[in-house]
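Work through the exercises below with the model open. Each task is followed by a stepwise solution.

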Amino acid sequence: MAKTMAAVHPISVRFGKEEKSMLRVLQARAKASHRTLSEQLKYYTYLGMVAADNPDLPLSMIDGILEAREEFKAGLGKPYEWGVIR
């Protein structure tokens with residue numbers, strides 16, 4: 001059975017004068033991460049949702065887990081050999 005996707009409509013996000021410095025930081029981090037501003041906002045939203053669902057994990061661990069998942073999907077994963085120290 002084929003998956004059907006609901007129509008996704010673009011939304012506007014507005015930053016007021018009081019959020020100007022936050023917007024500048026977001027733009028700088030997006031550029032540093034080679035993302036668009038929209039991609040950076042989506043990334044931080046996803047990261048925040050995962051963090052809210054896992055309050056016992058530090059953000060750095062969540063970020064590492066997400067990175068490892070993408071590396072595994074790219075074929076960079078290696079099976080763990082129990083009891084082997086290298």
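**Exercise 1. A loop residue**

Where is His-34 found? Then classify its exposure and comment on its phi.

Solution.
Step 1. Note first that the model is predicted.
Step 2. Locate the residue. His-34 sits in the loop between H1 and H2.
Step 3. Take the accessibility. The relative accessible area of His-34 is 73%. Exposed means over 50%, so His-34 is exposed.
Step 4. Read the backbone. The phi of His-34 is positive, about 60°, although the residue is not a glycine.
Step 5. Put that in context. Most residues other than glycine have a negative phi.

**Exercise 2. Two helices**

Describe how the axes of H1 and H2 cross, and name the residues that meet.

Solution.
Step 1. Set the limits. H1 covers residues 20–32 and H2 covers residues 37–53.
Step 2. Take the geometry. The two axes come within 9 Å and cross at roughly 100°.
Step 3. Classify the angle. Values of 65 to 115 degrees count as roughly perpendicular, so H1 is roughly perpendicular to H2.
Step 4. List the H1 side. Leu-23, Leu-26, Gln-27, Arg-29 and Ala-30 take part in the contact.
Step 5. List the H2 side. Leu-37, Gln-40, Leu-41 and Tyr-44 meet them.
Step 6. Sort by character. The contact of H1 with H2 has six nonpolar residues, two polar and one charged.

**Exercise 3. Two pockets**

What lines the largest pocket, and what lines the second largest? Give the volume and make-up of each.

Solution.
Step 1. Start with the largest pocket. About 230 Å³ of space lies in it.
Step 2. Name its lining. From the earlier part of the sequence come His-9, Pro-10, Ile-11, Ser-12 and Val-13. Ser-38, Leu-41, Lys-42 and Thr-45 also line this pocket.
Step 3. Sort that lining. Four residues are nonpolar, four are polar and one is charged.
Step 4. Turn to the second largest pocket. Its space is about 190 Å³.
Step 5. Name its lining. The residues are Tyr-43, Tyr-46, Asp-63, Leu-66, Glu-67, Arg-69, Glu-70 and Lys-73.
Step 6. Assign them to elements. H2 and helix H3 (59–73) each give two or more residues to this lining. H3 supplies the largest share, six residues.
Step 7. Sort this lining. Three residues are nonpolar, none is polar and five are charged.

**Exercise 4. One residue from the largest pocket**

Place Ser-12, then decide whether Ser-12 is buried or exposed.

Solution.
Step 1. Ser-12 lies in the segment before H1.
Step 2. Recall the pocket. Ser-12 is one of the residues lining the largest pocket.
Step 3. Apply the cut-off. Exposed means over 50%. At 52% relative accessibility, Ser-12 counts as exposed.
Step 4. Take a long-range distance. Ser-12 and Glu-70 are 58 residues apart in sequence. Their C-alpha atoms are 29 Å apart.

**Exercise 5. Asp-63 and its contacts**

Which residues does Asp-63 contact beyond its neighbours within four places in sequence?

Solution.
Step 1. Asp-63 is in helix H3.
Step 2. Its relative accessible area is 31%, so Asp-63 is partly exposed.
Step 3. Leave aside neighbours within four places in sequence. Asp-63 is then in contact with Tyr-43 and Leu-47.
Step 4. Compare with the pocket. Asp-63 and Tyr-43 are among the residues lining the second largest pocket.
Step 5. Add a distance. Asp-63 and Lys-73 are 10 residues apart in sequence and 16 Å apart, C-alpha to C-alpha.

**Exercise 6. Ala-51 and two partners in distance**

How far is Ala-51 from Ile-62, and how far from Met-22?

Solution.
Step 1. Ala-51 is in helix H2. At 26% relative accessibility, Ala-51 counts as partly exposed.
Step 2. Take Ile-62. Ala-51 and Ile-62 are 11 residues apart in sequence and 7.2 Å apart, C-alpha to C-alpha.
Step 3. Check contacts. Not counting residues up to four places away in sequence, Ala-51 touches Leu-59 and Ile-62.
Step 4. Take Met-22, which lies in helix H1. Met-22 is partly exposed, at 47% relative accessibility.
Step 5. Read the second distance. Met-22 and Ala-51 are 29 residues apart along the chain, with 20 Å between their C-alpha atoms.

Notes: Residues numbered from 1 in each chain as written. Predicted model: local features only at pLDDT ≥ 70, side-chain atom pairs only at ≥ 80, totals over all residues. Heavy atoms only, no water. Axes fitted to C-alpha atoms, helices over the stretch in contact; angles between N-to-C directions. Helix = DSSP H or I, 4+ residues; strand = E, 2+ residues; numbered from the N terminus. Parallel < 35°, antiparallel > 145°, perpendicular 65-115°, else oblique. Contact = heavy atoms within 4.5 Å. Nonpolar A, V, L, I, M, F, W, Y, C, P; charged D, E, K, R; others polar. Buried < 20%, exposed > 50% of the residue type's maximum accessible area, 1.4 Å probe, protein only. 1 Å grid on protein atoms, 1.4 Å probe; cavity = no way out; pocket = protein on both sides within 12 Å on 5 of 7 lines; lining within 4 Å. Points joined across faces, edges and corners; volume = space filled by probe spheres on them.
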